[in-house]
Amino acid sequence: MKSYHADERGYYGEFGGAFIPEMLYPNCEELRQNYLRIMQEPSFKDEFHQLLKDYVGRPTPLYFAKRLSEKYNTKIYLKREDLCHTGAHKVNNTIGQILMAKKLGKNRIIAETGAGQHGVATATVCALMGIECVVYMGEIDIARQAPNVARMKMLGAEVRPATSGSKTLKDATNEAIRDWINNPVDTHYIIGSVVGPHPYPDMVARFQSVISEEIKNQLQEKEGRENPDYVVACVGGGSNAAGAFYHYLDTPEVGIIAVEAAGKGIHSGESAATSALGKIGIIHGSKTLLMQTQDGQITEPYSISAGLDYPGVGPMHAHLYASGRGEFISITDDDAMNAGMELCKLEGIIPAIESSHALAIFEDRKFNPDDVVVINLSGRGDKDLQNYIDYFKL
Ligand SMILES: *Cc1c(COP(=O)(O)O)cnc(C)c1O
């Protein structure tokens, strides 16, 4: 049977692989040769699951959203990643990677961050383990994201400004890669989504796969079956979606719906709808779909939600799109904001704007009354309060 998981070279169909400069090869190779073995060690598994339980608060509930279901005349469940410690799914991955780093004998962590969410999740686990943490962040992002910069500092991380180029995420990524090349022995680089060179996309997807593992058990309890009819998640780089889809990838009866940010409209020039607009290319060491100009320069993405404005998409998702296994829907800023506000009013849950994109599909995409639709609610909206205030003039 055809599989939608990575093969041993890190390819999902024609996407993935490791397109890296020679100087980065030893770092990636050390990780590649060890990650599967380490993840299978009982001592690793025990510590990972213990921390997910006692520190992160897993399993997160699978909540039947009664009033939302009534409104859209279908059965909607919300997987409550917003209830994870630090407010989103990202910590599932950083817990996994900090344990991986320890097993590999690393005593220093680096990361890059755009909006600061991954930086906070990384600083959190470094504090937990008492490990040195350096987070690279574009100078412009540092100015825009003051609360997350403060959080990282409180958690003991050093936030280093990237001052080259556009002074945003891609420049921070370049600085982090430079650091890793210079510190191959003692440093582990924690990447925050299912992007980057092999083995990162596969490793991060495996850490996040706890989400769909739990959904299966919880649906069995609530509906008497492990499989929903559809599982839905927003896609920035694609890690929360990879986690929600993971155990359903090779189960064709389960529909997979990936939701991207259309920003001000797919063809407005201000969007992050990678599958609709992207062409095959290489970004951060991975062959995937990315938004680029005719001559291959990466286009600056835009979305009202900082977590979705990434110009590429992880190779798993590129393959789900190209193969037709996944259904891809893009949602504008306006539709996402309204869906977020609707969840507040109908269910008493303030979602992250990223997650609101997934919630917004019900306006146009219709389901049958007895369909079971699981939405991965990737994060809570506290971090987005100022955006909600400005948008709705609250
Ligand atoms: C970072 C983030 C995302 C986007 O990242 P993925 O890797 O695509 O999951 C989505 N939702 C929330 C709440 C986030 O913080």
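Q: Which residue forms a salt bridge with Glu47?
A: Keep in mind that this is a predicted model. Glu47 sits in helix α2 (residues 42–56), and its partner lies in helix α4 (residues 90–103), so the pair ties together parts that are 55 residues apart in sequence. The closest N and O atoms are 3.8 Å apart, which is within the 4 Å cut-off, and the partner is Lys102.

Q: Is Lys102 buried, partly exposed or exposed?
A: Buried would mean under 20% relative accessible area and exposed over 50%, with partly exposed in between. Glu47, at the other end of the salt bridge, has a relative accessible area of 35% and is partly exposed. Lys102 comes out at 39%, so Lys102 counts as partly exposed.

Q: Which lysine does the side chain of Glu214 meet in a salt bridge?
A: Look for a link between helix α10 (residues 210–223), where Glu214 lies, and strand β4 (residues 75–80). The two residues tie together parts that are 135 residues apart in sequence. From N to O the distance is 2.7 Å, and the lysine is Lys79.

Q: What is the relative accessible area of Lys79?
A: Start with the partner: Glu214 has 10% relative accessibility and so counts as buried. Lys79 is buried as well, because its relative accessible area is 0%.

Q: Which helix holds both Glu175 and Arg178?
A: These two form a salt bridge, with the closest N and O atoms 3.8 Å apart. Glu175 counts as buried at 18% relative accessibility, while Arg178 is partly exposed at 48%. They are three residues apart, so about one helical turn separates them, and the helix is α8.

Q: How many salt bridges does the count come to?
A: What counts is a side-chain nitrogen of Lys or Arg within 4 Å of a carboxyl oxygen of Asp or Glu. Some of these contacts join up: Arg108, Glu132, Glu158, Arg160 and Asp179 are linked in a network. The count for the model comes to 28.

Q: Which strands are at the edges of the open sheet of four strands?
A: The strand order is β7-β6-β5-β8, with parallel pairing. An edge strand pairs on one side only, and that picks out β7 (158–162) and β8 (187–189). From one strand to the next the twist averages 25°. So the edge strands are β7 and β8.

Q: Which residue in β8 does Ile110 stand opposite?
A: Strand β5 (residues 108–113) pairs with β8 in the parallel sense, over three bridges. Opposite Ile110, in β8, stands Tyr189.

Q: How many disulfides does the count come to?
A: Two cysteine sulfur atoms would have to be within 2.5 Å. For Cys28, the nearest cysteine sulfur is that of Cys126, 19 Å away. For Cys234, the nearest is that of Cys84, 13 Å away. Neither Cys28 nor Cys234 is in a disulfide, and the count comes to zero.

Q: Is Cys234 buried or exposed?
A: Cys28 counts as buried because its relative accessibility is 4%. With Cys234 the value is 1%, so Cys234 counts as buried.

Q: What accessible area does the nonpolar surface patch of Leu385, Ile389 and Leu394 have?
A: Leu385 belongs to helix α16 (residues 385–392). At 45% relative accessibility, Leu385 counts as partly exposed. Together, the three residues of the patch have an accessible area of about 280 Å².

How values were computed: Residues numbered from 1 in each chain as written. Predicted model: local features only at pLDDT ≥ 70, side-chain atom pairs only at ≥ 80, totals over all residues. Heavy atoms only, no water. Pairing = 2+ DSSP bridges. Axes fitted to C-alpha atoms, helices over the stretch in contact; angles between N-to-C directions. Patch = residues over 30% accessible without salt bridge, like charges linked within 9 Å, V, L, I, M, F, W, Y side chains within 5 Å. Areas by Shrake-Rupley, 256 points an atom, 1.4 Å probe, with all protein chains shown as cover. Buried < 20%, exposed > 50% of the residue type's maximum accessible area, 1.4 Å probe, protein only.
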